[in-house]
Amino acid sequence: MKFFIDTANLDQIKEAQDLGVLDGVTTNPSLMAKEGITGNDNIINHYKKICEIVTGDVSAEVISTDYEGIIKEGEELAKLHDQIIVKVPMIKDGVKAIKYFSDKGIKTNCTLVFSAGQALLAAKAGATYVSPFIGRLDDISTDGLNLIAEIRLIYDNYGFDTQILAASVRHTMHVIDCAKIGADVMTGPLSSIEGLLKHPLTDIGLAKFLADYKKGN
Ligand code: E4P
C-alpha cells in the first residue's frame with residue numbers, strides 16, 4: 001500500500017519523507033490556499049519545491065473545467081517534473097481529458113469521486129489513480145469505506161490497472177480499514193500516518209525495558 005500525504009505544507013511533507021515511508025503527495029487548490037500559496041506562478045513554484053522533497057508522485061490539480069482548458073493546463077503541469085500527476089475532476093470534460101492524457105502517456109489522478117459508477121468511468125478512461133473521498137462521504141452519513149470496497153470489487157472483476165487512491169482520509173483507522181479492503185494508496189494528513197506508530201503498551205513496555213536496563217548500570 002502506498003502512503004501519500006495530503007498537504008501543501010512543506011514542513012509536514014519533509015517530516016513524512018524523513019520517516020522513510022512516503023510514496024507521494026496530493027494537493028488541491030484548498031490545501032494550497034491553506035498554506036497561503038495563491039496565484040498561478042506561486043502555485044507552480046510550490047509544485048516544484050514539493051517535487052524536490054519527495055521521490056514519488058505529486059498530484060497537481062487543474063482548475064479548468066472545459067476540455068481544451070484541462071488539456072492545456074494538464075500538459076503544462078506534466079512538463080514541470082516527471083513526478084507530476086495531473087489531477088482532473090470527475091466531470092464530463094474531465095473524463096474526456098483523462099482519456100486524452102492516458103493515450104499520450106500522461107499520468108492522471110481522477111479526483112472528487114463519490115460513487116462506484118464514477119470510479120468505473122475513470123478506469124475506462126485510463127486514469128492512473130482514482131480518488132474516492134471517504135471522509136467527505138462519512139461527513140454526510142454515508143459509508144466511505146464501503147465505496148472503497150465496491151471499487152475494489154469492480155476493478156478486480158475486470159483487471160483495471162487504475163489504482164484506488166483512498167482520499168479524504170481523516171485518521172489512522174481509515175488507513176487501517178483501507179489497507180484491509182485493499183486500497184492501493186491512501187492519502188491523508190501527517191497525523192493519520194504518525195498515528196500508526198502509537199500504542200500505549202509500546203510506551204509502557206519501552207519504559208519498563210529502559211528502567212530494568214538502568215538497574216544493572
Ligand atoms: C484528495 O486528493 C484531496 O486532496 C483530499 O483528500 C481531500 O480531503 P478533505 O476531504 O480532507 O479535504
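Which residues of α6 are buried? In this predicted model, the answer is A116, A119, A122, A123 and A125. These buried residues of α6 pack against four elements, namely α5, β5 (108–113), β6 (129–132) and α8. L121 also lies in this helix, which runs over residues 116–125, but L121 is partly exposed, with a relative accessible area of 43%. Leaving aside residues up to four places away in sequence, L121 touches M90 and V95. A look further along the chain brings in L145, 24 residues away from L121, and here the two C-alpha atoms are separated by 19 Å. Just past the end of α6 comes G126, with a positive phi of about 95°.

Helix α4 can be read in much the same way. It covers residues 67–80, 14 residues in total. From the first C-alpha to the last, α4 reaches 20 Å, close to the 20 Å expected at 1.5 Å a residue. Its buried residues are G69, I70, I71, E73, G74 and L77. And what do the buried residues of α4 pack against? Two helices and two strands turn up here: α3 (40–53) and α5 (92–104), along with β3 (57–61) and β4 (84–89).

Next comes the nonpolar interior. The largest nonpolar core has 56 residues, and I13, V25, V54 and F101 are the ones with the most contacts inside it. A second core, separate from that one, has five residues, among them F4, I85, Y129 and L165. Back in the largest core, V54 gives a feel for the surroundings: not counting residues up to four places away in sequence, V54 touches I13, Q17, L22, V25 and Q83. Two of these partners, I13 and V25, are themselves listed with the most contacts inside the largest core.

Some nonpolar side chains sit at the surface instead. M173, I176 and L196 make a nonpolar surface patch of about 230 Å². M173 belongs to helix α9 (residues 172–181). Why can M173 be part of such a patch? Patches take residues with over 30% relative accessible area, and M173 is partly exposed because its value, 46%, falls between the 20% and 50% cut-offs.

Charged side chains pair up too, and the count comes to nine salt bridges. Several of them link residues within one helix. In α9, D177 forms a salt bridge with K180, the closest N and O atoms being 3.8 Å apart. The two residues are three places apart in α9, about one turn of the helix. K180 is exposed, with a relative accessible area of 66%. Helix α11 (residues 200–215) holds D212 and K215, which are three residues apart and so separated by about one helical turn. Their salt bridge brings the closest N and O atoms to 2.9 Å. D212 counts as partly exposed at 31% relative accessibility, whereas K215 is exposed at 68%.

Salt bridges that share partners join R152, D156 and D184 into one network. Within that network, the side chains of D156 and R152 meet at 3.1 Å, N to O. Why can the side chains of D156 and R152 meet within a helix? Both lie in helix α8 (residues 144–158), four residues apart, so about one helical turn separates them. An α-helix has 3.6 residues a turn, so residues three or four places apart point the same way. Is R152 buried or exposed? With a relative accessibility of 13%, R152 counts as buried.

Finally, the backbone has a couple of unusual spots in its loops. S141 is not a glycine, yet S141 has a positive phi of about 60°. S141 is found in the loop between α7 (134–139) and α8, and at 71% relative accessibility this serine counts as exposed. S168 is another non-glycine residue with a positive phi, near 60°. S168 is found in the loop between β7 (163–166) and α9, but at 9% relative accessibility S168 counts as buried.

Methods:
Residues are numbered from 1 along each chain as its sequence is written. This is a predicted model: local features need pLDDT of at least 70, side-chain atom pairs count only at pLDDT 80 or more; totals for chains, interfaces and linings use all residues. Side-chain values use heavy atoms; hydrogens and water are left out. The expected span of a helix is 1.5 Å times one less than its number of residues. Buried means under 20% relative accessible area, exposed over 50%, partly exposed in between (1.4 Å probe, protein chains only). Contact means heavy atoms within 4.5 Å. Patches are made of residues with over 30% relative accessible area and no salt bridge: like charges are joined within 9 Å, nonpolar side chains (Val, Leu, Ile, Met, Phe, Trp, Tyr) within 5 Å. Accessible areas come from the Shrake-Rupley method with a 1.4 Å probe; for residues, only the protein chains shown count as cover. A salt bridge is a side-chain nitrogen of Lys or Arg within 4 Å of a carboxyl oxygen of Asp or Glu. A nonpolar core is a set of buried Ala, Val, Leu, Ile, Met, Phe, Trp, Tyr and Cys residues joined through side-chain atoms within 4.5 Å.
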